[in-house]
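Q: Please take a close look at the cysteines in this model, and then at one charged side chain. I would like the reasoning as well as the values.

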Amino acid sequence: MLYTVNLSQDSSRENMYLSTTLLEKIQENLDAKNKIILYLNKRGAFSSVVCQDCGYLFWCPKCDTSFSVHHSPERLLCHLCGETEEIPLKCKKCGGSHLKNVGVGTEQIETVLKRMFSESKIYRFDGDSIKTKWGKQSALQELKSADIIIGTKMITTGFDFENVWLIGVILLEQELSYPQYDIEERV
């Protein structure tokens with residue numbers, strides 16, 4: 001069965017990017033001993049950092065794209081060129097200290113689900129958790145025993161997982177908003 005959920009109407013108290021419907025379906029499938037795959041094509045914890053005083057968005061000086069916030073290890077990271085910076089305490093533009101992490105990434109979803117479903121085996125499958133070909137091979141063994149797999153596009157490339165009964169796509173509209181002529185077919 002296919003569900004499309006409007007998060008403005010069905011956002012959970014646990015996380016604004018996870019719907020109550022999705023969390024209920026996760027619990028139902030865990031109770032039935034079924035595997036779950038959650039897809040979100042954004043690694044890291046948050047999409048970016050914004051100054052609440054002046055609206056400044058922290059950008060990569062090399063790529064002119066926003067930095068993503070990562071927690072393991074704590075840093076700002078550019079997903080295009082790999083440039084890193086320390087997590088800022090003050091705004092580069094106005095010096096204000098009211099900085100806010102915005103957006104969502106696989107790290108954030110993993111943290112929420114580990115808190116909510118602490119008895120379950122949860123595995124994050126993305127470019128931060130898998131760095132090498134050998135890391136990918138050992139991850140495949142861990143994936144077999146995982147109850148919930150959270151992944152980026154890496155998870156969609158040639159894997160055959162057994163006993164998967166629920167696939168959740170988080171923020172599908174982000175995927176569909178890329179300016180490519182064939183984006184609907186690719187998604």
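**Cysteines without bonds, and one arginine**

A: Cys78 has a relative accessibility of 1%, so this residue counts as buried. The model is predicted, and the values here are computed from it.

Being buried does not settle whether a cysteine is bonded, so the sulfur distances have to be checked against a cut-off: two cysteine sulfur atoms form a disulfide when they lie within 2.5 Å. For Cys78, the closest cysteine sulfur belongs to Cys60 and is 3.7 Å away, which is too far for a bond.

The structure as a whole holds zero disulfides. Cys51 is in none either, and its nearest cysteine sulfur, in Cys94, is at 3.7 Å. Cys51 is also buried, because its relative accessibility is 2%.

The charged side chain is that of Arg124, a residue of strand E7, which covers residues 122-125. Is Arg124 buried or exposed? It counts as buried, because its relative accessibility is 11% and the limit for buried is under 20%.

The side chain of Arg124 has polar partners. One polar contact, at 2.7 Å, is with the side chain of Glu110. Another, at 3.1 Å, is with the side chain of Asp126. Glu110 also appears in the list of residues that Arg124 touches once neighbours within four places in sequence are left aside. The others in that list are Thr106, Glu107, Ser129 and Ile150.

Definitions and conventions: Residues numbered from 1 in each chain as written. Predicted model: local features only at pLDDT ≥ 70, side-chain atom pairs only at ≥ 80, totals over all residues. Heavy atoms only, no water. Buried < 20%, exposed > 50% of the residue type's maximum accessible area, 1.4 Å probe, protein only. Helix = DSSP H or I, 4+ residues; strand = E, 2+ residues; numbered from the N terminus. Polar contact = N/O pair within 3.5 Å; in protein donor to acceptor, adjacent residues only side chain to side chain. Contact = heavy atoms within 4.5 Å.
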